[in-house]
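Here's a quick tour of how this one is laid out, domain by domain. Have the structure open as you read.

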Amino acid sequence: MTSTVPAVTAPVTAPPTALGTARTRVEGREKITGAARYTGDIPLTSLAHGSLVLSTIARGRIRAVDDAAVRAMPGVVAVLHHLNAPRVRGDYPSIMGMAPDPTVRAFQDDRVPHWGWPVALVVAETPEQARAGADALVVAYEAEPHDTDFSGERTDAFALDGVVPATLAKGDEEAELAASAVVVDASYTTPEEHHNPMEPHAATAYWQDGRLEVLDSNQGASWTAEDLAKAFELEPGTVRVRSEHVGGGFGSKSVRVHQIAAVMAATELQRPVRVAMTRRQMFSLAGYRSPTDQRVRLGADPDGRLRVLSHGSVSQTSSVYAFVEPAAAAGRVLYDAAAHRTSAQVVSLDVPTPTSMRAPGMAPGSFALESALDELAERCGLDPIELRLRNEPSAGPLSGLPFAGRNLRACFEEGARRFGWADRDPRPRVRRDGRWLLGTGTAAATFHAFAVPSTAAVTAWADGTFTVRIAAADIGTGARTALQIVAADALRVAPERVQVRIGDSEFGPAWLAGGSAGTSSWAWAITPAAGELRERLALGVDIPADGLTVRSDSTTALAGQEPAERHSYGAQFAEVAVDPGTGEVRVRRMLGMFAAGRIVNPLTARNQLVGGMVWGISMALHEEAVRDVRSGSLVGADLAGYHVASHADVAHIEADWVDDPMPGDPIGIKGVGEIGVVGAAAAIANAVRHATGVRHRRLPIRPDRVLCGESVDGGPAGESLERGLPGESPDA
Amino acid sequence: MKEFAYRRAADVAGAVALLDADPGARFLGGGTNLVDLMKAGVESPERLIDIRELPLDGIGRTEEGGLQIGATVTNSDLAAHPEVRRRYPALTQAVLAGASGQLRNMATVGGNLLQRTRCGYFTDITQPCNKREPGSGCPAVEGEHRNAAVLGASHHCVAVHPSDMGVALAAYDAVVSYQTAEGAGELALSDFYLPVGDTPHRETALPSGALITAVTLPPAPVRSRYRKVRERASYAFAIGSVAAALEVRDGVVREVRLAYGAVASRPWRARTAEAVLRGAPADAGSFAAAADAELAAASPLTGNAYKVTLLRNLTIAVLTELAELAEPAGPTGHDQEGSAR
């Protein structure tokens, strides 16, 4: 029995019982005992294994693929490449109208647009045989000169709109700058960074009863199914994608070459085929965060009130895709100024295609902007928190729209109290602990909050239990558990009576685990369906054997939302220790105080926020993919060469929040997945400045850079006075 | 990874005979480096001869008062051994500064000495590398070389030896014992690694087919220290490290051992610095002068010149710390733990 109701924005009328209480993950036991099966773990009869072959040139053409010898190797059943692979479309509109990742068009022609481009797939009976075949496949190339040399100084950079406009501006920048008593004009750079979740990308495809079944590790099953149907020109509804457990996504787990190659091979061979990326392959196939070169110009009155906020960012994209890292967008939310200009440009290079990586734009952009604010505070002789509070806007700086809950001030005030900020001596390089110089820093954080139309079904069973079905994804966030809480409260039953089924495109369209908007979007769909079901049950209807199901679609309700500036906020605090003799930087403690909407599950929300802050440590001190300009490849493309923070780098981290229910949201959710990253690197860089007197405008803050007292790399705002301290001995 | 055969050796003679009969074979200790290299296609042995069961896992005193360490002693056992901790503390510190607990439980002393560089060009078979493919070139000289050598390198190869343990062993004048089908032999650690020159693919002076059986440490000054600097707090290779041992009497350096890690193709024994220090006042001025004398030979590239500053600072810091420990109560202070003096 089924009926459909439009979602409504009715507020919760009774006090919730589960919302806001700490609950462990419903699948936690399965995960820690190894019982949870990830895509690559699921056994299938007559499964074949595909191993990808990647290009070893950075630009050119494939001249020949000598597959005869490989076809004769033990266990090899197929070799797919551009001369024999099935045709796919790569020109369809994917989510939010964006073009799909260009590796969807793998094996379609002889062009090689970058190092590590997929050129062939070797399919064999075992993964080892497939890998041996892939290693042995000889591909001849006609190499062309390539260009992978990213720099913000490049004259071929061009403006590019992304999900937000490339440029927004108001006021007369030069006039306001001339009228400013205090000016900061500096360049900041962030390196190429890779998400590389613990579980590599993997997909298994097979045909069953005329339908394509795909087991995959992704951030949205219905999105993946829709894209695969478009790529292979299949009827919608003939592709089913399941993705029950996902070992991390961070923006990287969309439709990429692994699903495409698995479907191609399964179609050709008419048997199940699994394709998994190796760790090294992920560095060119899974997307990454572009390096950025940003210039920030701030002009202010002596009291710190901004006259000018000008933030320009240059990032890179590949020659086969137009992706922009919108690093200048943070200023559109955080601060107002009479002259306000934010812009994004890209340089097209012979590099793998960048993509959204946790807190896209905001992570690198907040490093630049919040470092510049710190520089401005110092020049104004103002406390960095006071400077920010003096520049709190009353409405969207460019939109003029009202803020739907802006609690940044509360974050700073409560954060400062807990961190002990009031006791801080603002003078740099005055606190010591043995060989370590100590310093503290702070930064503001913001991230957009939104919800996207989704569908859900909630079923009541005669035994008093309920099942929620929604094509949500739990990429390690605790989403399944959060949705159980949301549904249980809407049904006014104990969470234990609610089973949540996710990760199946059969459940209908739903937003993905992305944009920090998963839980909010899914809750918008689940809440009215569960509420309607509860009301029906209250009337005493009989529950049939196949259950009583109510479906919902939040499209109409979300379309009715009033325009507003909807964002989460945060105040990041860090204390660092720096050994000026060795260049070592250690983060001793961090505090993040957030205003991120109603917190559904404090346990998993804190996990998300702390995880984001750990990302901030990695971003500030460790992460950096080094591209070899000569070959166009990465050097050390593995987790030994690409450093993220180790346990020993993460000392005491505390994340907490102020009360901040989102107006207009049925539950008050904003989202916690990404804001923990935002501002964290700036807080650490500002603390390093406070500890050492040296401003680091280039991430990561490596020992060699600290040792050389490097402050800026070729930017226009070189402060030679701050470049000192080389060769300082630790007993100085 | 290429398919390979596997044999477990029962005794030293058997292990050596197996390798002698099969030039395509390699000994397998903990496998913490070799297996990774096999997965990456850098190494592709036809056969692995597992030596973990050999009776080479003991640590015992030598007649002259030193310590003999079996080649298959794991890093964990070595670091935890009471005699090592008491008499060769820099060795324990060096071992514990490396890898992770899990890796140290597998990795062996012999294997540690024979591990290969972690240079990103060496481990990527799609790149040229003179060490992996003689004559193909060294892209690190013009490319990414932040962690490349500043001492003893050549334009053919600027890779560094990644070992922490080896740096302490170099400072302690370790001697490596080995066995071949022809018989037993010994190499001082200072002669164990070959100069880079134009043959970076030839890394050690071990005769072909040799199995390392033990590492022997002569008596050494007890006041010793290993300090490692890396780009994160743990689980990373050094970008510079110092192993030092120091004896001070009446404010004068009586004996000193100094070795550097992550600056050369081998653990770098700083004999020039040692010569400057012997008989010199045990103060920061001497330590700086000694480091400067040693590092005068450095020829850094554009991206790794910081290492010279780093090693200078580390030398001063570690020796200062040892000098303060050696004479905490003034010129008559003495070793509180008892020592091998």
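## Domains 1 and 3 of chain A

In this predicted model, the C-alpha centres of domain 1 of chain A and domain 3 of chain A sit 34 Å apart. The two domains do touch: domain 1 of chain A puts 22 residues into the contact, and domain 3 of chain A puts in 20 residues.

So who does the touching on the domain 1 side? Helix H12 (479-491) and helix H13 (518-538) of chain A each bring at least two residues to the side of domain 1 that meets domain 3. H13(A) gives the most there, with five residues. As for chemistry, that side of domain 1 of chain A splits into 10 nonpolar, 10 polar and two charged residues.

## How the chains are carved up

Chain A comes in three pieces on paper: domain 1 (2-36 + 451-559), domain 2 (46-145 + 199-285) and domain 3 (361-393 + 403-449 + 566-713).

Chain B has domain 1 (5-50) and domain 2 (224-326). Going by C-alpha atoms, the centres of domain 1 of chain B and domain 2 of chain B are separated by 36 Å.

## Where to trust chain A

Chain A has a mean pLDDT of 94, with 95% of its residues at 70 or more. Two stretches to look at with care: across residues 6-14 of chain A the pLDDT is below 50, and that stretch has 20 contacts in the model beyond near neighbours in sequence. Residues 711-732 of chain A are also below 50 in pLDDT, and this stretch has 53 contacts in the model, again beyond near neighbours in sequence.

Technical notes:
Residues are numbered from 1 along each chain as its sequence is written. Chains are lettered from A and ligands numbered from 1 in the order in which they are written. This is a predicted model: local features need pLDDT of at least 70, side-chain atom pairs count only at pLDDT 80 or more; totals for chains, interfaces and linings use all residues. Domain bounds come from an automatic or database domain assignment. Two residues are in contact if their C-beta atoms, placed from the backbone, lie within 7 Å. Helices (H or I, at least four residues) and strands (E, at least two) are DSSP runs, numbered from the N terminus. Ala, Val, Leu, Ile, Met, Phe, Trp, Tyr, Cys and Pro count as nonpolar, Asp, Glu, Lys and Arg as charged, and the others, Gly among them, as polar. pLDDT is the predictor's confidence in each residue, from 0 to 100.
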